[in-house]
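Here is a walk through one protein model, taken a piece at a time. Have the sequence and the 3D view open while you read.

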Amino acid sequence: MATERKGRTKRAKKEETTWQERVIQIRRVSKVVKGGKKLSFRAIVVVGNERGQVGVGVGKASDVIGAVKKGVADGKKHLIDIPITKSNSIPHPIDGIGGGAKVIMRPAAPGTGVIAGGAVRTVLELAGVRNVLAKQLGSNNPLNNARAAVNALSTLRTLSEVAEDRGIPIENLYI
């Protein structure tokens, strides 16, 4: 009976540990109310499994730990699936927009690594992309850049998806 319990807890822990979360930014926010200022915290969190799923979440609470927990829960609600090539890159060049931020991403050769900055780098690493070139344009806001990266990754398509949409065999795409 004791061995059955151990097996179940190991499986449960294994499922929990597949998700990684990284905090991009924690900001102290104050709201002016009748009695003075009310302080709270905003946490921007990226959640991913490094196998093609990633999400960005925002949490607000009166303490940092609560804000991070809410951010993780929000990130898991907004997960997207992305196609990753055999060389751990993206299938094609793509642009993404989030607020005032614009992000450009291009596939890279194996061994290149993740060449990106700030929030975009975190999103790509947690998505499982290993070789990519990315550039942030327009804004330095980490939340908008993370959302722009997620927007770009969500619009990626594979060759088989494009062939299916056009109603032709994949071999005809190469011509």
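How many bridges join β5 to strand β6, and do these strands run parallel or antiparallel? There are 5 bridges between β5 and β6 (residues 101–107), and the two strands run antiparallel.

A quick word on ground rules. This is a predicted model, where local features need pLDDT of at least 70 and side-chain atom pairs count only at pLDDT 80 or more, while totals for chains, interfaces and linings use all residues. Residues are numbered from 1 along each chain as its sequence is written, and side-chain values use heavy atoms, with hydrogens and water left out. Helices (H or I, at least four residues) and strands (E, at least two) are DSSP runs, numbered from the N terminus.

**The sheet and its helices**

Back to that pair of strands. Ile94 of β5 stands opposite Met105 in β6. The hairpin they form has 2 residues between the strands, and Gly99 there takes a positive phi near 65°.

β5 and β6 belong to an open sheet of 4 strands, in the order β5-β6-β8-β7, with mixed pairing. Strands count as paired if DSSP finds at least two bridges between them. β5 and β7 (114–115) stand at the edges with a single partner strand each, so one side of each has no neighbour in the sheet. Helix α4 packs on this sheet and touches β5, β6 and β8, its direction making about 140° with that of β5. Contact here means heavy atoms within 4.5 Å. The angles run from 0 to 180 degrees between N-to-C directions, using lines fitted to C-alpha atoms, for helices over the stretch in contact.

β5 also has two faces: Ile94, Gly96 and Gly98 are on the covered one, and Asp95 and Ile97 on the uncovered one.

Arg147 lies in α4 (residues 142–154). At 44% relative accessibility, Arg147 is partly exposed; the terms are buried for under 20% relative accessible area, exposed for over 50%, and partly exposed in between (1.4 Å probe, protein chains only). The C-alpha atoms of Arg147 and Val103 are separated by 9.5 Å, with their positions 44 residues apart along the chain.

**Helix α3**

Helix α3 (residues 118–127) lies across β6, β7 and β8 (132–137), and runs at about 145° to β8. α3 is mostly covered, with 7 of its 10 residues buried. Among them are Val120, Val123 and Leu124.

Thr122 is another residue of α3, and Thr122 is buried at a relative accessible area of 15%. Setting aside neighbours within four places in sequence, Thr122 is in contact with Arg22, Ile24 and Val46. Right after α3 comes Gly128, with a positive phi near 100°.

**Salt bridges**

What holds charge to charge here? Counting a side-chain nitrogen of Lys or Arg within 4 Å of a carboxyl oxygen of Asp or Glu, the model has 4 salt bridges. The table gives some of them.

| Salt bridge | Closest N and O atoms |
|---|---|
| Arg22 with Glu125 | 2.7 Å |
| Glu125 with Arg121 | 3.3 Å |
| Arg130 with Glu50 | 3.5 Å |

Arg130 lies in the loop between α3 and β8 and Glu50 in the loop between β2 and β3, so this pair ties together parts 80 residues apart in sequence. Arg130 is partly exposed at 35%, and Glu50 is partly exposed at 29%. Glu50 also has a positive phi near 60°, in a residue other than glycine.

Glu125 and Arg121 are 4 residues apart in α3, about one helical turn. An α-helix has 3.6 residues a turn, so residues three or four places apart point the same way. Glu125 is partly exposed at 21%, as is Arg121 at 33%. Through shared partners, salt bridges join Arg22, Arg121 and Glu125 into one network.

**One more loop**

Asn88 sits in the loop between β4 (80–81) and β5 (94–98). Asn88 has a positive phi of about 55° although it is not a glycine, and is partly exposed at 33%.
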